[in-house]
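This report introduces selected features of one protein model to a reader who has not met it before. Please keep the sequence and the structure in view while reading.

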Amino acid sequence: MDTSLSTIAVVGLGTMGTGIAEVLALAGREVIGIDISEAAALGAVTSLEASTARAVGRGRITAQERTDALARFRTSDDLRTAADAELVIEVVPETYEIKQQVFRELDAIVSPTAILATGTNALSVTRLAAESQHPERVLGLHFFNPAPAMKLVEVVSSVLTAPPAVEAVTALARELGKEPVAVGDRPGFVADGLLFGYLNQAAAMYEANYASREDIDAAMKLGCGLPMGPLALLDLIGIDTARTVLEAMYAESHDRLHAPAPVLGQLSSAGLTGRKAGRGFYTYDAPGGQAVVPDALTPAADAASGAGRDVASVGVAGSGTMASGIAEVFAKAGYDVVLAARSQEKADVAKGRIAKSLERSVTKGRLTAEARDETLARITAAGSLDAFAEVDLAVEAVAEDLEIKQQLFAALDKVCRPGAVLATTTSSLPVVAIARATARPEDVIGMHFFNPAPAMKLVEVVRTVLTADDVHATVRAVCARIRKHPVDCGDRAGFIVNALLFPYLNNAIKMVEEHYASLDDIDAAMKLGGGYPMGPFELLDVVGLDVSLAIEKVLHQEFRDPGLAPAPLLEHLVAAGCLGRKTGRGFREYARR
């Protein structure tokens, strides 16, 4: 089996094939680009010329390197020009029929020692290999879009693949400056196997009218630090492509989380396949365009949710990190804040935490000393909820325990003046159950801040079936004043972010349980292939495995979907006291501080 891989053919010159050809040519390989469409071949040349010109302009390559790379790339509409290639990478449409035909024809053209790679992310590599005369040389080589920028390459082995072929393409990926991850043959592999389940759940959430497309996308970008929201990403990938991937995943897993949301089929059937069609979940300036333009579903820029109540003073109940962070946010925005804890000592400690936070901001040049002093002066530390008697908005940030929160809201009901808005920061408990602990459930709403509250821009605004319109309007207006981005959602487990995030994390744990991939490979795949700021296991250890398990249980109990049942490995680690960074051991071990 040839391991030099100096001459490589790329079959299929769409966006992905052209990107792969560019990477190979810039890395010194002779590249034969093959496509039955003359227009596609010309487009690939034009694209390569333009992208390499940009690279020269940005100082990433020299003019001579560009000239050499362009000279190494030639195109053809005849598969027989791949005869001398030591590696052929097919990136043709995602159907077995087309891919199998390409492999059958290649068998009669290339050397028996040449390696054949499929770029599929949804189809069975084993099934494709079985159609070849030499199945031992067939493997998967899954680049990510855009190929020149994305570092991840999944190297997919079937049970028939010869180890030397895997070794050769893995070495090639490293020489290309990529990070190869070795995975077995199952639909979606690692990155897409986790990504598409999450995208499918987002589509289902939108289809159920639980939240708007804008709010779903904003929630995942601002709440999780993702580069794109899930619905915008579906439009970029292609809604028809996403549905094909999900169909393949469901055929193997029979997990309802992978069963394509009906809206994906409806949009695909209507030809609304995303950016390439000019319309999908969003509407674009042109087919293939990137700019979103207003349509019938776009919220009006001046849309108001009605008149709210006046808020000049805010009470924050709690003494932990979240409570002090929320109090800091309100005080910075000019509100008078009462920070109440179970004792004066705890309240003073919480205010001291705010003082340290503000001091760090001064040291980093983000805040003036005068603004620090003014902010602190607006905060009154109190050892009793009685100090909330005159506040206009009371925000609860105590332990995530329904009984504790209900007791606190019963107390707020007695202390707070009539007309005061009562808000809970719960991330997983039913807001209406908390509201019913008061005699005024219409005044109760959810304000789910994200940690750390001073830095995170998102607030999930959670209305119950009893929440008054002016209470909702009040909280949205307050969010604008404290410079947070509010997203509206209904009162159900997980709201937007956790309902989409934690099934993804749970599925990552299941991959490890099944010995499909390692912690490191999964984390690398999601960071390098999905643009996630943290891999799932890094994030789980930061959030806390006990917290994660509690949220998983709430989601499973609410939706009763077997696919949402917490992974046994997560339950075992929690039972063993391995809770993540806070205990020094979770999925990984950490140095004790």
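Phe-189 lies in the loop that runs between strand E8 and helix H7 (191–207). The model in which this residue is seen is a predicted one. Phe-189 has a phi near 55°, a positive value in a residue that is not glycine. Is Phe-189 buried or exposed? With a relative accessible area of 1%, Phe-189 is buried.

A second residue with a positive phi is His-515, whose angle is about 60° although it is not a glycine. His-515 belongs to the loop between helix H18 (497–513) and helix H19 (519–530). His-515 counts as exposed, because its relative accessibility of 72% lies over the 50% cut-off. As background, most residues other than glycine have a negative phi, and most peptide bonds are trans.

Two cis peptide bonds may be described next. One joins Asn-145 to Pro-146, with omega at about 0°; Pro-146 sits in the loop between E6 and strand E7 (152–157). Another joins Asn-451 to Pro-452, again with omega at about 0°. Pro-452 is placed in the loop between strand E16 (444–449) and strand E17 (458–463).

**The sheet and the helix packed on it**

Eight strands form an open sheet with mixed pairing, in the order E3-E2-E1-E4-E5-E6-E7-E8. Strand E3 (73–76) and strand E8 (179–184) stand at the edges; each has a single partner strand, so one side of each is left without a neighbour in the sheet. From one strand to the next, the twist averages 25°.

Helix H1 (residues 15–26) packs on this sheet. Its contacts are with strand E1 (7–11), strand E2 (30–34), E3, strand E4 (87–90) and E6. The direction of H1 makes about 170° with that of E1.

The pairings of E1 with E4, E4 with E5 and E5 with E6 are set out below, with one facing pair of residues for each.

| Strand pair | Sense and bridges | A facing pair |
|---|---|---|
| E1 and E4 | parallel, four bridges | Val-10 and Ile-89 |
| E4 and E5 | parallel, four bridges | Glu-90 and Thr-118 |
| E5 (residues 115–118) and E6 (residues 138–143) | parallel, three bridges | Thr-118 and Gly-140 |

Thr-118 thus appears in two of these rows: it stands opposite Glu-90 and also opposite Gly-140 in E6. Which way do the residues of E4 point? Leu-87 and Ile-89 point one way from E4, while Val-88 and Glu-90 point the other way. All four of these residues are buried. Ile-89, one of them, is the bridge partner of Val-10.

**The contact of H7 with H18**

The two helices already named beside the positive-phi residues also meet each other. The axes of H7 and H18 come within 9 Å and cross at roughly 155°. This angle is over 145 degrees, so H7 is roughly antiparallel to H18. The crossing of H7 past H18 is right-handed.

Which residues make the contact? On the H7 side they are Gly-193, Leu-194, Tyr-198, Gln-201, Ala-202 and Met-205. On the H18 side they are Ala-499, Leu-500, Tyr-504, Asn-507, Ala-508 and Met-511. Sorted by class, the contact has nine nonpolar residues, three polar residues and no charged residues.

**Two residues in helices**

Asp-107 is part of helix H4 (residues 96–107). Asp-107 has a relative accessible area of 9% and is buried, because that value is under the 20% cut-off. Leaving aside residues up to four places away in sequence, Asp-107 touches Leu-116, Glu-131, Ser-132, Gln-133, His-134 and Arg-137.

Ala-53 is found in helix H2 (residues 38–57). Its relative accessible area is 36%, so Ala-53 is partly exposed. Ala-53 and Met-447 are 394 residues apart in sequence. In space, the distance between these two residues is 49 Å, C-alpha to C-alpha.

Terms used. Residues numbered from 1 in each chain as written. Predicted model: local features only at pLDDT ≥ 70, side-chain atom pairs only at ≥ 80, totals over all residues. Heavy atoms only, no water. Pairing = 2+ DSSP bridges. Axes fitted to C-alpha atoms, helices over the stretch in contact; angles between N-to-C directions. Contact = heavy atoms within 4.5 Å. Buried < 20%, exposed > 50% of the residue type's maximum accessible area, 1.4 Å probe, protein only. Parallel < 35°, antiparallel > 145°, perpendicular 65-115°, else oblique. Left-handed = near helix turned anticlockwise from the far one by under 90°. Nonpolar A, V, L, I, M, F, W, Y, C, P; charged D, E, K, R; others polar.
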